[in-house]
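Work through the exercises below with the sequence and the coordinates open. Each task is followed by a solution in steps.

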Amino acid sequence: MRERGFSSGLYRLIAWLSPGFPVGAFSFSHGLEAVAESGAVRDRASLQDWIGAVVALGSGRIDADILRDAHRAATADDIEALTLANRRGLAFRATAEMAVETTAQGAAFLHTCRAAWPEPFLDRWAITLDGGSVCYAAAVGAATARAGISLDWALTGYLQAMASNLVSAGLRLGIIGQTDGQRILAALEPVVYAAATGALTRQRSAFGSATFAVELASMAHETQYTRLFRS
């Protein structure tokens, strides 16, 4: 539906990537809690650098490519290609916590999306999964494609939501305040733009990430004594 400037696709994108959508994103810090504990991330500048690296070179890069492939597969009504994209997204997780982060959110997203916005293709895909794990980026890619949301919008929204969630984690960890959180999001606008546009043209052979510090932080978090977050 598109009348008098209203876009149902835009409406759904905002709803699905809102902090209010029940995927449990608030419970994950993607290793940030460990580096906050160590003091490696301690202020606005270091938090901005950390989040920018995650989005551009880490899980953001992996998820952008998975979302792209899933979006194209769902657009083509190709469940087999979507399943392959999902498997790839599940396999390329460096730590146990990062695996839980994507599968917990993926399962919650697909379940809630199908319940509130029924879509036959997504229902057929869920049947083929037969209770198997769902990569969050693959689920978002498939749902946005079936809703007629353009790939560039879906990528931008997903990566901005990732950055926002990490800023929110930084707030709750006491690294920054509300205003500095918005300053970080403003500064990361070109980073998100570059990450989204890069995924549109990147070859599948260039798939991967290079954020070893993030992965080491995630491993350290698994045995951290006191924790607010699941990752």
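How many aromatic pairs does a search of the whole structure find? The search finds 7 aromatic pairs. A pair here means rings of Phe, Tyr or Trp (its six-membered ring) with centres within 6.5 Å; planes under 30 degrees apart are stacked, over 60 edge-to-face, and the rest tilted.

This is a predicted model, in which local features need pLDDT of at least 70 and side-chain atom pairs count only at pLDDT 80 or more, while totals for chains, interfaces and linings use all residues. Residues are numbered from 1 along each chain as its sequence is written, and side-chain values use heavy atoms, with hydrogens and water left out.

**Exercise 1. Classify the ring pairs of phenylalanine 109 with tryptophan 16 and with tyrosine 136, and place them in the chain.**

Step 1. The ring centres of tryptophan 16 and phenylalanine 109 are 6.0 Å apart and the planes stand at 85 degrees, so this pair is edge-to-face.

Step 2. Tryptophan 16 is in helix α1 (residues 8-16) and phenylalanine 109 in helix α6, so the pair links distant parts of the chain, 93 residues apart. Helices are DSSP runs (H or I, at least four residues), numbered from the N terminus.

Step 3. For phenylalanine 109 and tyrosine 136, the centres are 5.9 Å apart and the planes are at 70 degrees, so this pair is edge-to-face. Tyrosine 136 belongs to helix α8 (residues 136-146), so its pairing with phenylalanine 109 of helix α6 ties together parts 27 residues apart in sequence.

Step 4. Check burial, where buried means under 20% relative accessible area, exposed over 50%, and partly exposed in between (1.4 Å probe, protein chains only). Phenylalanine 109 is buried because its relative accessibility is 1%. Tyrosine 136, with 11%, is also buried, and tryptophan 16 is buried.

Step 5. One aromatic cluster is formed by Trp16, Phe21, Phe109, Trp117, Tyr136 and Tyr158.

**Exercise 2. Count the salt bridges and compare where the partners of three of them lie.**

Step 1. Apply the rule: a side-chain nitrogen of Lys or Arg within 4 Å of a carboxyl oxygen of Asp or Glu. The count is 12 salt bridges.

Step 2. Arginine 124 and aspartate 77 form one of them, with the closest N and O atoms 3.1 Å apart. Arginine 124 lies in helix α7 (residues 120-129) and aspartate 77 in the loop between α4 (59-75) and α5 (79-91), 47 residues apart. Arginine 124 counts as partly exposed at 39%, and aspartate 77 counts as partly exposed at 41%.

Step 3. Arginine 227 and glutamate 97 form another, at 2.8 Å from N to O. Arginine 227 is in the segment after α12 (212-221) and glutamate 97 in helix α6 (residues 96-116), so the bridge ties together parts 130 residues apart in sequence. Arginine 227 is partly exposed at 40%, whereas glutamate 97 is buried at 8%.

Step 4. The salt bridge between arginine 183 and aspartate 180 has an N to O distance of 2.7 Å. These two residues are separated by about one helical turn, because they are 3 residues apart in helix α10 (residues 178-187). Both ends are partly exposed: arginine 183 at 44% and aspartate 180 at 23%.

Step 5. Elsewhere, salt bridges with shared partners join Asp65, Arg68, Asp69, Arg202 and Arg204 into one network.

**Exercise 3. Describe the surroundings of histidine 30.**

Step 1. Histidine 30 is in the loop between α1 and α2 (32-38). With 7% relative accessibility, histidine 30 counts as buried.

Step 2. Look for polar contacts (a pair of N or O atoms within 3.5 Å; within protein, one must be able to donate a hydrogen and the other to accept it, and residues adjacent in sequence count only if both atoms are side-chain atoms). The histidine 30 side chain makes one with the side chain of serine 59, at 3.0 Å. Another polar contact, of 2.9 Å, joins the side chains of histidine 30 and glutamate 101.

Step 3. Widen the search to contacts (heavy atoms within 4.5 Å). Leaving aside neighbours within four places in sequence, histidine 30 touches residues including Val54, Met98, Leu166, Val214 and Ser231.
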